[in-house]
Amino acid sequence: PDIATFSSGYKLKAVTREVATDLQFARLLAVKENKNFRVIFGSNSYQVIRLSDEFVAKSRSFSPEYPDIILTNANAAITFDPRGLSNGSTVNVANSRGNKNVSVAPTGRVAIE
């Protein structure tokens with residue numbers, strides 16, 4: 001079997017799960033701290049930022065471990081308010097094996113599609 005193909009598929013799934021988990025983390029922080037949090041995406045990285053003071057709660061870059069991963073988001077950011085609600089958006093995670101979407105509903109629910 002082609003190990004590189006399988007490996008690429010596993011990497012895509014792993015990064016997709018990590019993005020979804022960190023979006024849930026940002027929502028949890030927003031509710032816990034009663035502040036707005038925003039997840040700002042780059043081409044293969046993102047940051048979870050508290051908007052009141054621009055504090056970076058988490059920063060993640062996939063370049064070292066997953067250089068072929070590309071993140072795209074039409075809004076370039078997803079914001080969660082203190083009630084856990086969001087502006088609703090979708091993040092596309094892609095590599096040579098394919099792509100997956102992580103969607104955030106306006107209710108704040110995070111789902112992998």
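Which residue in strand 8 is the bridge partner of Ser103? The close-up views below take up this question first and then turn to other parts of the model, which is a predicted one.

**View 1. Strand 7 and strand 8 are joined by bridges in a predicted model.** The residue that answers the opening question is Ala111, which is the bridge partner of Ser103 in strand 8. Strand 7 covers residues 98-104 and is joined to strand 8 by 3 bridges, with the two strands running antiparallel. As a general point, strands of a sheet pair through backbone hydrogen bonds, and they may do so in either a parallel or an antiparallel way.

**View 2. An open sheet is formed by 4 strands.** Read across the sheet, the order of the strands is 4-6-7-8, and the pairing is antiparallel. Strand 4, at residues 70-73, and strand 8, at residues 110-112, are the edge strands, and each of them pairs on one side only. From one strand to the next, the twist averages 20°.

**View 3. Asn95 lies in strand 6 and is buried.** Strand 6 comprises residues 89-95, and Asn95 belongs to this strand. The relative accessibility of Asn95 is 11%, and because buried means under 20% relative accessible area, Asn95 counts as buried. A polar atom of the Asn95 side chain lies 3.0 Å from the backbone oxygen of Ser8, and the side chain of Asn95 also reaches the backbone nitrogen of Arg97, at 2.9 Å. When residues up to four places away in sequence are not counted, Asn95 touches Ser8, Leu12, Asp68 and Ile69, so Ser8 appears both in this list of contacts and in the polar contact described above.

**View 4. Strand 1, strand 2 and strand 3 are linked through two hairpins.** Strand 1 (residues 37-41) and strand 2 (residues 45-50) run antiparallel and are joined by 5 bridges, and the hairpin that they form has 3 residues between the strands. Strand 2 also pairs with strand 3 (residues 55-61) in the antiparallel sense, over 6 bridges. In this second hairpin there are 4 residues between the strands, and Glu54 in the turn has a positive phi of about 60°. Val48 can be followed across the views of both pairings: Val48 in strand 2 is the bridge partner of Val39, and Val48 also stands opposite Lys58 in strand 3.

**View 5. Phe41, Tyr46, Phe62 and Tyr66 form one aromatic cluster.** A search of the whole structure finds 3 aromatic pairs. In one of these, the rings of Tyr46 and Phe62 have their centres 5.9 Å apart and their planes at 50°, so the pair is tilted. This pair links distant parts of the chain, since Tyr46 is in strand 2 whereas Phe62 is in the loop between strand 3 and strand 4, with the two residues 16 residues apart. Tyr46 is buried, with a relative accessible area of 3%, and Phe62 is buried as well, with a relative accessible area of 0%. Phe62 also forms a tilted aromatic pair with Tyr66, in which the distance is 6.1 Å centre to centre and the angle between the planes is 55°. Tyr66, like Phe62, is buried.

Note on methods: Residues are numbered from 1 along each chain as its sequence is written. This is a predicted model: local features need pLDDT of at least 70, side-chain atom pairs count only at pLDDT 80 or more; totals for chains, interfaces and linings use all residues. Side-chain values use heavy atoms; hydrogens and water are left out. Two strands pair if DSSP finds at least two bridges between them. Axes are lines fitted to C-alpha atoms, for helices over the stretch in contact, and angles run from 0 to 180 degrees between N-to-C directions. Buried means under 20% relative accessible area, exposed over 50%, partly exposed in between (1.4 Å probe, protein chains only). A polar contact is a pair of N or O atoms within 3.5 Å; within protein, one must be able to donate a hydrogen and the other to accept it, and residues adjacent in sequence count only if both atoms are side-chain atoms. Contact means heavy atoms within 4.5 Å. Rings of Phe, Tyr and Trp (its six-membered ring) pair if their centres lie within 6.5 Å; planes under 30 degrees apart count as stacked, over 60 as edge-to-face and the rest as tilted.
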